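Student: I've just opened this model and I don't know how to start reading it. Could you walk me through it?

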Amino acid sequence: MISFRLLKDRIARGGMLSVTLSVGVILFLVVAGLLVKSWPILSLKPLSSLLFSSAWRPNHGEFGFLPFLLGTIWVTAVAIVIAVPLCLLSAVYFSEYAPRLIRELSRPLVDVLAGIPSVVYGLWGVLVIVPLINGQIAPFFGSYSTGYCVLAGGAVLAIMIFPVIIHVSVEVFRSVPGEVREASLALGATRFQTVKFVVLRRALPGIIAAVVLGVSRAFGETMAVLMVAGNVPIIPRGIFDPAYPLPALIANNYGEMLSIPLYDSALLFASLVLFVVVIFFIVVSRLILKRIQARIE
Amino acid sequence: MDFKTHISVRDLSVSYGTAVALKNITVEIPEKKITAIIGPSGCGKSTLLKSFNRMIDLAEGARVSGAIVVDGENIFDPGVEVTAIRKKMGLLSQRPFVLPMSIYDNVAYGPRIHGTGSRKVLDPLVERYLREADLWEEVKDRLSQPASRLSVGQQQRLCLARGLAVEPEIILGDEPTSALDPKSSRKIEQRFLELKDDYTIVIVTHILRQAKRLADYVVFLYLGELIEAGPAQEIFRNPQKEMTREYIGGTIS
Amino acid sequence: MNGRRIEEGVFQGLMIASTLIIFLTLGMIIATVVAEGLPALSLQMITQTPQGGYYLGKEGGVLNAILGSLFLAGGASLLALVMSLPVVLYLNVYSHPRSPLSRFTRFSLDVLWGVPSIVYGAFGFTLMIALGLKASLLAGILTVALLVLPIMCRAMDEVMRMSPPELAEASYSLGATRLETALHILSRQCLPGIVTAVLLAFGRGIGDAASVILTAGFTDALPTSLLRPAATLPLAVFFQLGTPIPEVRERAYASALILTLLILLISLLSRLLARKFTRHVVR
């Protein structure tokens with residue numbers, strides 16, 4: 001005869017267990033769903049033609065994703081080039097130099113930055129960055145751009161991934177024990193030399209993890225780049241050329257998805273590619289960070 | 001010494017993974033007396049105590065063999081309700097951990113989960129146990145304040161009140177005063193001396209003088225084995241085993 | 001010796017410059033949104049739905065989008081909460097941290113956390129068609145719930161893992177069951193963190209466009225039915241921005257301002273509530 005309390009406990013346990021199991025089921029469903037819907041196009045066209053051809057004419061049944069893949073890569077690369085130095089320098093400043101007040105103030109500010117929705121970044125990009133490129137930056141480099149280009153997308157993306165990279169980097173720096181810094185300073189090194197030779201070296205894997213995480217974010221970002229990158233399905237030849245990142249492709253064409261044969265399968269295949277790439281980066285980043293955690297303990 | 005056994009430990013062995021913590025412990029704990037489990041650190045005192053209220057179940061990789069019989073039933077029997085066992089035993093830990101609620105709710109938590117719900121019953125109950133723990137006067141005007149605002153000594157007394165509120169038969173103390181200042185320690189020790197008339201008390205302590213002050217019965221463990229057990233007078237004045245003599249004399253600690 | 005000093009100086013300068021750039025950018029973004037949005041913000045914008053000719057510059061507001069966003073994000077957060085709490089409580093109270101189920105669930109949550117919102121949108125779209133739903137508030141809620149579930153779970157899990165194990169032990173030693181410990185002790189100790197997690201998810205859900213663009217549709221009407229399309233603020237901004245008519249574009253700025261203000265408000269609320277609920281938390 002089991003008491004009512006224990007019965008409640010057992011029922012609750014069963015209920016919670018099923019919900020927990022369903023998390024794994026959800027993951028499985030998402031992957032399976034993407035695979036199943038991509039199957040039609042995958043079975044008709046060889047993977048290499050999908051990934052490496054630049055012929056994009058859905059009406060004629062041609063689905064070459066190369067321009068979009070390269071577009072995403074271009075935009076992400078620009079974002080990383082802009083964001084990483086800025087973020088690293090700031091992260092070093094926050095964790096090694098900044099007085100307590102600034103550190104305390106900055107945390108909520110970075111949080112706010114992280115909370116701003118994608119469309120608002122896109123809007124700002126359209127209002128500020130695009131005209132800037134069109135009017136000042138491109139002519140300065142002797143070329144012409146409408147402003148809706150790789151650089152615009154990369155710049156906006158860079159700002160969007162600031163919080164991720166800074167947050168993880170600061171955490172990583174914090175994990176470097178104080179004694180190591182003290183030892184270096186006691187030997188007469190300057191603050192900066194301590195950072196350069198000691199802290200950075202220990203933190204390097206963590207910084208790589210932070211950057212990888214930033215890349216994964218940039219890859220998957222949709223709205224902001226959709227608004228500023230130009231959305232022309234050609235392979236960009238320079239940062240002033242328009243680009244058509246993969247997420248933007250998916251978001252833009254949902255209207256026609258069902259009317260052109262194989263289009264829906266193609267777009268879901270694009271989603272699958274995004275999924276695989278982003279997850280790959282995240283898993284790599286997690287592994288690095290876990291190893292650092294383990295080393296601390 | 002004539003006594004009635006309350007807890008009968010029979011051939012108890014506990015290991016965590018490959019490390020053996022307790023080896024074939026057989027000992028009787030007397031009723032309504034204060035028993036002190038003494039021994040150098042790492043000898044298994046806490047493990048023995050945790051076995052009494054089956055908190056050992058929560059430790060990862062813990063394996064138990066043997067039996068502990070309380071009131072005629074082996075607490076390790078598969079049919080036994082763990083929550084009932086734990087209700088019988090009140091635990092006072094080394095570092096007081098108050099629950100994230102008001103002072104009143106802390107004491108009322110135990111009775112509430114075991115079925116008592118109405119304020120009419122709980123109000124006098126809370127007052128009674130806070131008095132038994134010698135804390136009532138200090139908190140009676142702020143029962144609804146968060147318990148975390150009390151001082152460490154007060155928190156430990158609150159934990160005592162909380163443990164008493166479930167009306168246990170046995171009080172277990174795991175180094176109950178080692179985190180407290182001398183004044184609070186003395187208060188807790190005082191309570192134990194007064195409570196032993198109604199409860200069986202088992203405390204683990206590494207402070208020999210505390211054991212001498214409080215204990216009626218002493219159990220000496222060393223490296224997981226029972227070396228000697230007996231009435232406090234005999235153990236402290238005339239220890240039988242060499243190791244006991246050395247520990248009490250201060251040669252080993 | 002001097003070389004090092006110069007190096008130190010140069011880099012200190014660069015560091016401060018970087019930090020300033022980052023914060024100035026934030027400031028600029030907010031300033032732009034306010035500067036462009038405030039002039040076009042009127043009571044009408046917040047209290048009316050688009051009337052006839054709204055998209056040509058005539059009367060109306062974005063109440064449809066405001067309410068749509070609130071309902072959608074609210075529904076999604078609620079759904080995610082109903083799922084997250086059991087999962088997190090199970091992981092922290094019932095299962096061993098190193099058990100295969102624990103590890104796999106946390107891994108799944110990590111993966112789901114990283115999935116881009118457009119992929120959820122595409123998946124949601126597929127699900128929608130499979131279930132026979134049209135673009136609707138319900139489809140949007142389901143998709144956004146998927147999006148925010150891992151965010152909520154992770155935030156809650158992090159707080160619960162930090163709870164000292166002795167607290168749970170104190171509860172068990174009083175004879176409490178695991179359910180009682182989970183509901184009365186752990187939840188109370190982690191309440192500020194739970195509230196923050198829910199509001200964090202809500203904020204994320206309300207601002208995301210990629211997940212709703214395929215699933216929630218858009219409409220000028222107020223959200224009255226789960227089965228009809230619903231307007232959302234991010235999409236309202238996006239659509240209004242794309243017109244050649246300047247009045248409508250200005251309304252896009254105003255909508256963006258409304259959205260940003262909403263999110264800032266939620267962030268503030270989250271901090272206030274967290275502080276309020278910390279009253280009983282044990283350090």
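What follows is a conversation about reading chains, domains, contacts, a helix and a hairpin.

Tutor: Happy to help, and one thing before we start: this is a predicted model.

Student: Okay. For a single chain, how many helices and strands does chain A have?

Tutor: Counting elements is a handy way in. Chain A has 11 helices and 2 strands. Reading from the N terminus, the order is α-α-β-β-α-α-α-α-α-α-α-α-α.

Student: And what does chain C have by way of helices and strands?

Tutor: Chain C has 12 helices and 0 strands. Its order from the N terminus is simply α-α-α-α-α-α-α-α-α-α-α-α.

Student: What are the spans of these two chains along their principal axes?

Tutor: For chain A, the C-alpha trace spans about 80 × 70 × 35 Å. For chain C, the figure is about 70 × 70 × 35 Å.

Student: How many residues are there in each, and what share is buried?

Tutor: For burial, you count the neighbours around each residue: 20 or more other C-beta atoms within 10 Å makes it buried. In chain A, 48% of the 297 residues pass that test. In chain C, 53% of the 283 residues do.

Student: What about contacts between residues that sit apart in the sequence?

Tutor: Take the contacts in chain A between residues at least 6 apart in sequence: 75% of them join residues at least 24 apart. For chain C, that share is 75% as well.

Student: Where do the domains of chain A begin and end?

Tutor: Domain 1 of chain A covers 4–44, and domain 2 covers 66–296. Their centres, taken over C-alpha atoms, are 31 Å apart. As for touching, 7 residues of domain 1 are in contact with 8 residues of domain 2. The domain 1 side of that contact is made of 5 nonpolar, 1 polar and 1 charged residues.

Student: Which domains does chain C have?

Tutor: In chain C, domain 1 is 2–40 and domain 2 is 54–280. The C-alpha centres of these two lie 31 Å apart. Here 7 residues of domain 1 meet 7 residues of domain 2. On the domain 1 side you'll find 5 nonpolar, 1 polar and 1 charged residues.

Student: How many residues of chain C are in contact with chain A?

Tutor: For an interface, look at both sides. There are 63 residues of chain C in contact with 63 residues of chain A. On the chain C side, helix H1 (residues 2–40) gives the most, with 18 residues. By class, that side splits into 42 nonpolar, 14 polar and 7 charged.

Student: Let's look at one helix in chain B. Why is H6(B) described as largely enclosed?

Tutor: First, a general point about helices. An α-helix has 3.6 residues a turn, so residues three or four places apart point the same way. Now the case here: 13 of the 14 residues of H6(B) are buried, so the helix is largely enclosed by the rest of the structure. Helix H6 of chain B runs over residues 152–165 and reaches 20 Å from its first C-alpha to its last, close to the 20 Å expected. Just after H6(B), B:Glu167 takes a positive phi of about 55 degrees.

Student: And which way do strands E9 and E10 of chain B run, parallel or antiparallel?

Tutor: Strands have their own general rule. In a regular strand the side chains alternate between the two faces of the sheet. In chain B, E9 (residues 217–222) and E10 (residues 225–231) run antiparallel, joined by 6 bridges. One pairing to find is B:Tyr222 with its bridge partner B:Glu225. The hairpin has 2 residues between the strands, and B:Leu223 takes a positive phi near 50 degrees.

Terms used
Residues are numbered from 1 along each chain as its sequence is written. Chains are lettered from A and ligands numbered from 1 in the order in which they are written. Helices (H or I, at least four residues) and strands (E, at least two) are DSSP runs, numbered from the N terminus. A residue is buried if 20 or more other C-beta atoms lie within 10 Å of its own, exposed if 12 or fewer, and partly exposed in between; C-beta atoms are placed from the backbone. Two residues are in contact if their C-beta atoms, placed from the backbone, lie within 7 Å. Two strands pair if DSSP finds at least two bridges between them. Domain bounds come from an automatic or database domain assignment. Ala, Val, Leu, Ile, Met, Phe, Trp, Tyr, Cys and Pro count as nonpolar, Asp, Glu, Lys and Arg as charged, and the others, Gly among them, as polar. The expected span of a helix is 1.5 Å times one less than its number of residues.
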